[in-house]
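Thanks for making time this morning. I would like to walk you through one structure slowly, so please keep the picture in view while I talk.

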Amino acid sequence: MEEDASTLYDFYNRIIANHIRWDYYGLGNCQIYSVNDIGDGNKCRAFLRRLLAESGKEETYLSKSVAKLSDDRLCHIVSVYFFGFLLYEQCDSIKRNVNKQLKWLKRNHCANSIGESESSEEKFSYLWFLVCIFHDLGYIFEQNCYPDCNWRQRITSRIPGRRPKGIPAYYTKDLLEKYASFRQCRYNCFDHGIYGAKVFYADLCKIREDNDKHQDSQRYWGKELIQYFNLASWLIACHNVYYVKCSDINAQCYKYYGLDSLIYHDRSRKIILRKHSLFFLLCLVDSIDLMKSAYISVSDWEKIKIHFTDNQIILNFSELPSANLSMITDLDFWLTDISHENGIIRIKIA
């Protein structure tokens, strides 16, 4: 491992302290002053509530779920939020490809809209807020703890638009509906990504319309924002659609529900950084996040070294020999090349 590597703990503290990189709404820390606070469910809950309120989205159906989700889930959301900014800043290939996607979105759909003078970094901050903060709030559907019973009306009131650029072509509305049916029949639950995305899109479109009518609104609510909401909703919907090996117990069920495109024999490389940069980043951080993947306490992040090269993220877990790293190493099967030896994991970013 290279001598200039820093600990994951240190990198998180740096990004939290660097407000200009993540604080799109001028929130301030508000309970999250250091990486230690990410392990505190009450502080994460307060942080999310304040962030949603400052953005004008506290009345969305999913925002109300913050009161009902577990501390572990809320800590994961906040951890992934900052981890995404960390990788965006430290991995040139991620930043370059994400910025390319954002520039395409602005050029083709959002000209003369939000922050015409905003940099790509500021646009990423806005879109990452939409995607990351809302990506797991749909767990209320899987846990059957809805704030009220109006969510069924919401998902039929406004339907997300066609698949945007940056989502692999085989992710279709038909595939998502089949996957939702599989999850409902196999596990007796509503998939948090798919149903969360539908409610997210319907709520944000309504909030945009309501606020756009008022000239005194402090935020921009122009019609062009719908394209951002659409992209975010597709990313949220797709992020929990799992691939399975042909030998997996669920492979036959996948075939029964018409999910053959999600079955792989050796490796799958359908989510590609240069084509699907934001989706690649969301899948990467959601799988690596140690609050979820390895259940390693924040205090132990000081024992994890992390280093970035032109095309790799290198994580050194040699001081935590008992850590369960399977969610990270399994990325080798469905997202990107992974090598693991003597507690050192190398993740290809190219």
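Let me begin with the largest pocket, where α4, β2 (244-245), α13 (277-288) and α15 (331-334) each supply at least two residues of the lining. Please bear in mind throughout that this is a predicted model. The largest share of that lining, 4 residues, comes from α13, while the lining as a whole has 29 residues, of which Y242, D286, S287, K292 and M327 lie nearest the centre of the pocket. The volume of this pocket is about 620 Å³.

Turning to the interior, the largest nonpolar core has 123 residues, and those with the most contacts inside it are Y81, F82, L87, L284 and W301. Helix α4, which covers residues 71-90, gives the most to this core, with 12 residues. If we look at L284 and leave aside its neighbours within four places in sequence, L284 is in contact with residues including L87, I313, L331 and I349.

Next comes helix α6, residues 120-134, whose 15 residues should span 21 Å at 1.5 Å a residue, and whose end C-alpha atoms are indeed 21 Å apart, which agrees. There is a bend in α6 of about 25 degrees at W128. Because 13 of the 15 residues of α6 are buried, this helix is largely enclosed by the rest of the structure.

Finally, is R45, in helix α3 (residues 41-54), buried or exposed? With buried meaning under 20% relative accessible area, R45 counts as buried because its relative accessibility is 12%. Beyond its neighbours within four places in sequence, R45 is in contact with V66, A67, L69, S70, D71 and L74.

How values were computed
Residues are numbered from 1 along each chain as its sequence is written. This is a predicted model: local features need pLDDT of at least 70, side-chain atom pairs count only at pLDDT 80 or more; totals for chains, interfaces and linings use all residues. Side-chain values use heavy atoms; hydrogens and water are left out. The expected span of a helix is 1.5 Å times one less than its number of residues. The bend at a residue is the angle between axes fitted to the seven residues ending there and the seven starting there. Buried means under 20% relative accessible area, exposed over 50%, partly exposed in between (1.4 Å probe, protein chains only). A nonpolar core is a set of buried Ala, Val, Leu, Ile, Met, Phe, Trp, Tyr and Cys residues joined through side-chain atoms within 4.5 Å. Contact means heavy atoms within 4.5 Å. On a 1 Å grid over the protein atoms alone, a cavity is a set of points where a 1.4 Å probe fits but cannot get out, and a pocket is an open set with protein on both sides within 12 Å along at least five of seven lines; lining residues have an atom within 4 Å of a point. Grid points are joined across faces, edges and corners, and a volume is the space filled by probe spheres set on the points.
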